[in-house]
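Reader: I would like a close look at a single part of this model, with its surroundings worked through in order. Please keep to what can be computed from the atoms.

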Amino acid sequence: MYARVHYLLLPRNVNLTLTHPLTVLADPVIWDELRADVDVAISIAQDELRAAAAVGHGMDGVEADVRAGIHARPSLSNLHIHIISQDFRSPALKNAKHYLSFTTPFFIPFDFIPALKLYNSDNGVDVEGVEREVRVREEGLRGELRCVGCGEGFGRGFVRLKRHLEGCSGVMKGGIKRARRPSDD
């Protein structure tokens, strides 16, 4: 758990579970089937953050910013979708790679997957396209650390970033400013 709220949504279809998530979710039928589950999980996560704020667990003013998505190259073999709050305040967040895996293009937002156009109704999933997408997105894991709340850069100074996240007013207020990403060009 790398943030206050971090869930894994694991679809139960045994025929899909050991397949790369982009290969599975590129199929619009499967993506549509999972959309409702993702929405429910996001809603539950937002409710949990609001409840924490209501009882004074250091979340005053947080607007429950929660994202759903997948990693370009997952470390867990079973198909899973991350539902994660954007505060990144957790003792379990112990290294730069973990942080970068959720704050760079390596983390592919669930809603963005159809825009990748990795599915063709005539030929199915473009497996070569999936692998190309993964290779490009892995570059993000070698990038600079930036605060998700205010955009301040920390080079590779993970300890300084962690300390900063605890008091960053951008994170506290849910005012998440996304750093400009190479894929935004």
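Author: What follows starts with the whole chain, then takes the paired strands, and ends with the charged side chains. The model is a predicted one.

The protein has 6 helices and 6 strands. Along the sequence they come in the order β-α-α-β-β-α-β-β-β-α-α-α. The chain counts 185 residues, and 46% of them are buried. About 9,800 Å² of surface is exposed, with carbon and sulfur atoms supplying 53% of that area. If one takes the contacts between residues at least 6 apart in sequence, 71% of them join residues at least 24 apart.

The part to examine is strand E3, which covers residues 81–85. Of its 5 residues, 5 are buried, so E3 is largely enclosed by the rest of the structure. The cover can be followed face by face. In a regular strand, side chains alternate between the two faces of the sheet. For E3, one side carries Ile81, Ile83 and Ser85. The other side carries His82 and Ile84. These residues are all buried, and both faces of the strand are therefore covered under the cut-off of under 20% relative accessible area.

E3 has strand partners as well. Strand E1 (6–9) pairs with E3 in the antiparallel sense, over 4 bridges. Within that pairing, Tyr7 has Ile83 of E3 as its bridge partner. Ile83 is one of the buried residues listed above. Strand E2, residues 66–71, is also antiparallel to E3, and 4 bridges join the two. Here Val66 is matched with Ser85 in E3. Ser85 lies on the side of E3 that also holds Ile81 and Ile83.

E2 resembles E3 in its cover: 6 of the 6 residues of E2 are buried. E2 also pairs with strand E4 (residues 107–109), again antiparallel, through 3 bridges. In that pairing Ile70 stands opposite Ile108 of E4. The pairings can thus be traced from E1 to E3, from E3 to E2, and from E2 to E4.

After E1 the chain enters a loop that leads to helix H1 (21–25), and Leu10 is found in this loop. Leu10 has a relative accessibility of 42% and therefore counts as partly exposed. Together with Leu8 and Leu76, Leu10 makes a nonpolar surface patch of about 230 Å².

The loop between E2 and E3 contains Arg73, and this residue leads to the charged pairs. Side chains of opposite charge can pair when their charged atoms come close. The protein has 10 salt bridges by the rule applied here. In one of them Arg73 meets Glu131, with 3.0 Å between the closest N and O atoms. This pair links distant parts of the chain, since Glu131 sits in helix H4 (residues 127–138), 58 residues from Arg73. Both ends are partly exposed: the relative accessible area is 35% for Arg73 and 31% for Glu131.

Glu131 also forms a salt bridge with Arg135, at 4.0 Å from N to O. Arg135 and Glu131 are 4 residues apart in H4, which means that about one helical turn separates them. Arg135 is partly exposed too, at 46% relative accessibility.

H4 holds another pair with that spacing. Arg137 and Glu133 form a salt bridge whose closest N and O atoms are 2.6 Å apart. They are again 4 residues apart in the helix, so about one helical turn lies between them. Their exposure is low: Arg137 is buried, with a relative accessible area of 6%, and Glu133 counts as buried at 18%. Elsewhere, salt bridges that share partners join Arg73, Glu131, Arg135 and Glu138 into one network.

To draw this together, E3 is an enclosed strand joined by bridges to E1 and to E2. The loop between E2 and E3 supplies Arg73, whose partner Glu131 is in H4.

Note on methods
Residues numbered from 1 in each chain as written. Predicted model: local features only at pLDDT ≥ 70, side-chain atom pairs only at ≥ 80, totals over all residues. Heavy atoms only, no water. Patch = residues over 30% accessible without salt bridge, like charges linked within 9 Å, V, L, I, M, F, W, Y side chains within 5 Å. Areas by Shrake-Rupley, 256 points an atom, 1.4 Å probe, with all protein chains shown as cover. Salt bridge = Lys/Arg side-chain N within 4 Å of Asp/Glu carboxyl O. Buried < 20%, exposed > 50% of the residue type's maximum accessible area, 1.4 Å probe, protein only. Pairing = 2+ DSSP bridges. Contact = heavy atoms within 4.5 Å.
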